[in-house]
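Morning, everyone. I'll put the model up and then walk through it in a few stops.

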Amino acid sequence: MKFRYKEVALGVFSPIIRVAIKNPKDTGRHIECHALIDSGADMNLFSSDIAEAIGLDLESGKKGTVSGITAGESQATYTIPVILSVGGWEYRVDMSFMKTLSRNVHGLLGQKGFFDLFHSITFDYPKQEVIIKAITA
């Protein structure tokens, strides 16, 4: 799969891709959004507004905390299984959601639940593209 970088400011480009997040109990309930492929993120992290929009009960998720994206202040997260659609391929992953993260902020695709799904992810800044190679049997 190959994705073009997205211009986030005049002359500034980032590896932001379009994904869909689906409720595994009702795949008709889904939302498309943009997410930053972030090799420094430990996990996938999105706004709780997205979870609520597709009918997920945050309180049923595993409670945890994050602090890096929150300028060092610890914030609660709720981790719930979802279906992540990337480039037409679907993966069942654990997705963390945070109530204090704005829906207008791009979600993060991190090590667990994104990078571990693929054989390699190559960032080619001069070409403004990300190349993702699937794991083959």
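Start with a question: is tyrosine 125 buried, partly exposed or exposed? Tyrosine 125 is partly exposed, because its relative accessible area is 42%. On the terms: buried is under 20% relative accessible area, exposed is over 50%, and partly exposed is in between, with a 1.4 Å probe and protein chains only.

Some ground rules. This is a predicted model, where local features need pLDDT of at least 70, side-chain atom pairs count only at pLDDT 80 or more, and totals for chains, interfaces and linings use all residues. Residues are numbered from 1 along each chain as its sequence is written, and side-chain values use heavy atoms, with hydrogens and water left out.

Now confidence. pLDDT is the predictor's confidence in each residue, from 0 to 100. The chain averages 89, and 91% of the residues score at least 70. Confidence is lowest in strand 7, residues 62-66, with a mean of 88. It is highest in strand 1, at 96. Strands here are DSSP runs of E, at least two residues, numbered from the N terminus.

Next, the aromatics. The structure holds four aromatic pairs. Tyrosine 125 is in one of them: with tyrosine 5 it makes an edge-to-face pair, 5.6 Å centre to centre and 75 degrees between the planes. The pair links distant parts of the chain, 120 residues apart. Tyrosine 5 sits in the loop between strand 1 and strand 2 (6-9). Tyrosine 125 sits in the loop between strand 11 and strand 12. Tyrosine 5 counts as buried because its relative accessible area is 10%.

A second edge-to-face pair joins phenylalanine 114 and phenylalanine 118, at 5.2 Å centre to centre and 65 degrees between the planes. Both phenylalanine 114 and phenylalanine 118 are buried. Ring pairs also link Tyr91, Phe114, Phe115 and Phe118 into a cluster. The criteria: rings of Phe, Tyr and Trp (its six-membered ring) pair if their centres lie within 6.5 Å; planes under 30 degrees apart are stacked, over 60 edge-to-face, and the rest tilted.

Stay with the loop between strand 11 and strand 12 for a moment. Glutamine 128 is there too. Its phi is near 60 degrees, a positive value in a residue other than glycine. Glutamine 128 counts as buried because its relative accessibility is 13%.

On to the sheet. Three strands form an open sheet in the order 1-12-11, with antiparallel pairing. Strand 1 (2-4) and strand 11 (118-124) are the edges, each pairing on one side only. From one strand to the next, the twist averages 15 degrees. Three bridges join strand 1 to strand 12, residues 129-134. Lysine 2 has isoleucine 131 as its bridge partner in strand 12. Pairing here needs at least two DSSP bridges between two strands.

Now strand 4. Which neighbours does it pair with? Strand 5, residues 26-37, is one: eight bridges, antiparallel. Strand 4 and strand 5 form a hairpin with two residues between them. Alanine 20 stands opposite glutamate 32 in strand 5. Strand 8, residues 75-86, is another: four bridges, also in the antiparallel sense. There, isoleucine 21 stands opposite leucine 84. Seven of the eight residues of strand 4 are buried, so the strand is largely enclosed by the rest of the structure.

Lysine 22 belongs to strand 4, residues 16-23. Buried or exposed? Lysine 22 is buried, because its relative accessible area is 16%. Its side chain makes a polar contact of 2.2 Å with the side chain of glutamate 90. A polar contact is a pair of N or O atoms within 3.5 Å; within protein, one must be able to donate a hydrogen and the other to accept it, and residues adjacent in sequence count only if both atoms are side-chain atoms. Leaving out residues up to four places away in sequence, lysine 22 touches residues including Thr27, His30, Ile54 and Glu90. Contact means heavy atoms within 4.5 Å.

Last stop: phenylalanine 97, in strand 9, residues 89-98. Phenylalanine 97 counts as buried because its relative accessibility is 0%. With the same sequence neighbours left out, phenylalanine 97 touches Leu45, Phe46, Ile50, Leu58, Tyr78 and Val82, among others. The C-alpha atoms of phenylalanine 97 and aspartate 116 are separated by 19 Å, and the two are 19 residues apart along the chain.

Technical notes. Axes are lines fitted to C-alpha atoms, for helices over the stretch in contact, and angles run from 0 to 180 degrees between N-to-C directions.
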